[in-house]
Amino acid sequence: MSQITKTTTLLVIGGGPGGYVAAIRAGQLGVPTLLVEGAQLGGTCLNIGCIPSKALIHAAEEFDKARHYAGESPGQSGIGISVSTPAIDIARTVSWKDGIVGKLTGGVGALLKKNGVQVVQGWAHLLDGKTAEVTTADGGTMRIQCEHLLLAAGSEPTPLVSMPFGGIVESSTEALSPTSIPKQLVVVGGGYIGLELGTVYRKLGAEVAVVEAQDRILPTYDAELTKPVAAALAKMGVALHLNRKVLGLNAAGNAVRIQDASGAETLLPADRVLIAVGRRPRTQGWGLESLQLDRKGNALRIDDQCRTSMRDVWAIGDIAGEPMLAHRAMAQGEMVAELVAGKRRHFQPAAIPAVCFTDPEVVVAGLSPADAEAAGLDCLAASFPFAANGRAMTLESTDGFVRVVARRDNHLIVGWQAVGRGVSELSTAFGQSLEMGATLEDVAGTIHAHPTLGEAVQEAALKALGHALHI
């Protein structure tokens, strides 16, 4: 088959949240744009990450509620609801999840087309900073030359040398499309991916054990935020094995060998193992090394305009390192498109909120008290418990709190943290207050609707000022 050659102003490698947003915005601005994606539009986030995981989290929560009201779960309902013993058809659940994914990825394709972006289904191999060779889905080849190259290849699950993927050992990709619920699931990694999916499987009926090398779960979050999560996991019956090293599967292939600090080994029975020890930038296997770009660890080094060390070569999202968050990639992609179109922009957000969709949820934005102290800031911090929030009581979820961190001298808010049911929705308020430079007085003086979880935000600010009203 003869090779086709195309030219474009902007070539985007990767159709995930960062890549497709960059392409859409570039199209809106009249920049000739071509996007190459080897799998499905939407990348990890829409297909095998954020969206499908939240769908399964919701389904598992609804099933768990039904079991609770049927008297199968610990603690009987106190609100007068009783149901017959529930059952779940996991194939229909996965089909429902896939339907949501299909609607979203189809919508992305429509938006790209609407804005004049040419999408090429295929795998790109970089020849230099201006040229890529693409093996298309139909087996042909295409050479694409560009003025600007945007690298948005995302990330991939990090494997364990002692337990490679295959057989009963799977990554989050396979865990999001189960054909059955395992009887005994071992999750390796106590970060947000492992705990989110571990919680899902526990609520769906599996016995779940989580192995974490550190001395606590969610080690990147401060300890006060993780305590309610650990308590909830214990109540659910999830076994936590902390300060443990994974040695691999046993000879029979039906248990995970773990080792404590003293060197003693234990076997954890498993008919499925989820490896969730993190993700790594996807930098191998597509010619990126030929560009010899500066790196920061495994990730590409970028400046505050997402420029790499090579002129007119840009990088956004997971391939540019932490934080590996879809909304960061989207914001970076939008900015790069505007820079290519001749606008002046810099990526200098006041904060990038991060959410862990465990039960309860955790959200952080800006500096924690420890972060502020490490930065040399004299700050005060105040927490308001959901136990004193009327809406939390009506949701039967009073564990957790909202915490604000602000400078002592001028009361400028520098950070927010929260743990509790539904607190992911507070991330918008947190981000806005930080981006707009709000003070404690600004938030305390804003009328918050009653009854809502958001009242805890106002009350935290009031408490920091010394006059909380409801505790």
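**Figure 1. Strands β7 and β14 run parallel and are joined by two bridges.** β14 covers residues 272-275. Val169 stands opposite Val273 in β14. The model shown here, as in every figure below, is predicted. β7 and β14 belong to an open sheet of five strands, paired in parallel. The strand order is β7-β14-β8-β9-β10. β7 (169-170) and β10 (239-242) are the edge strands, and each pairs on one side only.

**Figure 2. Helix α6 lies across four strands of the model: β7, β8, β9 and β14.** The helix spans residues 192-203. β8 is formed by residues 184-188, and β9 by residues 207-212. α6 runs at about 165 degrees to β9.

**Figure 3. Strand β2 pairs with β1 and is mostly covered.** β1 (residues 4-13) and β2 are parallel, with four bridges between them. Leu10 stands opposite Thr33 in β2. β2 itself runs from residue 33 to residue 37, and five of its five residues are buried. In a regular strand, side chains alternate between the two faces of the sheet. From β2, Thr33, Leu35 and Glu37 point one way. Leu34 and Val36 point the other way. Both sets are buried, Glu37 included.

**Figure 4. Helices α3 and α4 pass each other in a right-handed crossing.** Two packed helices are described by the angle between their axes and the distance between the axes. For α3 (residues 50-69) and α4 (residues 90-114), the axes come within 9 Å. They cross at roughly 145 degrees. α3 contributes Ile51, Pro52, Ala55, Leu56, His58 and Ala59 to the contact. From α4 come Thr93, Trp96, Lys97, Ile100, Val101 and Leu104.

**Figure 5. Cis peptide bonds precede Pro323 and Pro451.** Most residues other than glycine have a negative phi, and most peptide bonds are trans. The bond from Glu322 to Pro323 is cis, with omega near -5 degrees. Pro323 sits in the loop between β18 (313-315) and α8 (326-340). His450 and Pro451 are also joined by a cis bond, and omega there is about -5 degrees. The loop holding Pro451 lies between α12 (440-444) and α13 (455-464).

**Figure 6. Asn243 and His411 have positive phi values, though neither is a glycine.** Phi of Asn243 is near 55 degrees. Asn243 is in the loop between β10 and β11 (245-249). Its relative accessibility is 41%, so Asn243 counts as partly exposed. Phi of His411 is about 65 degrees. His411 is found in the loop between β22 (401-407) and β23 (413-420).

**Figure 7. The protein chain as a whole has 13 helices and 23 strands.** The radius of gyration is 24 Å, close to the 23 Å that the globule rule gives for 471 residues, so the chain is as compact as a globular protein of that length. Its C-alpha atoms fill a box of roughly 70 × 65 × 45 Å along the principal axes. Buried residues make up 49% of the 471. Of the contacts between residues at least 6 apart in sequence, 62% join residues at least 24 apart. The accessible surface comes to about 21,400 Å², and 52% of that surface belongs to carbon and sulfur atoms.

Conventions. Residues numbered from 1 in each chain as written. Predicted model: local features only at pLDDT ≥ 70, side-chain atom pairs only at ≥ 80, totals over all residues. Heavy atoms only, no water. Pairing = 2+ DSSP bridges. Contact = heavy atoms within 4.5 Å. Axes fitted to C-alpha atoms, helices over the stretch in contact; angles between N-to-C directions. Rg over C-alpha atoms; globule rule 2.2 N^0.38 Å. Buried < 20%, exposed > 50% of the residue type's maximum accessible area, 1.4 Å probe, protein only. Areas by Shrake-Rupley, 256 points an atom, 1.4 Å probe, with all protein chains shown as cover. Left-handed = near helix turned anticlockwise from the far one by under 90°.
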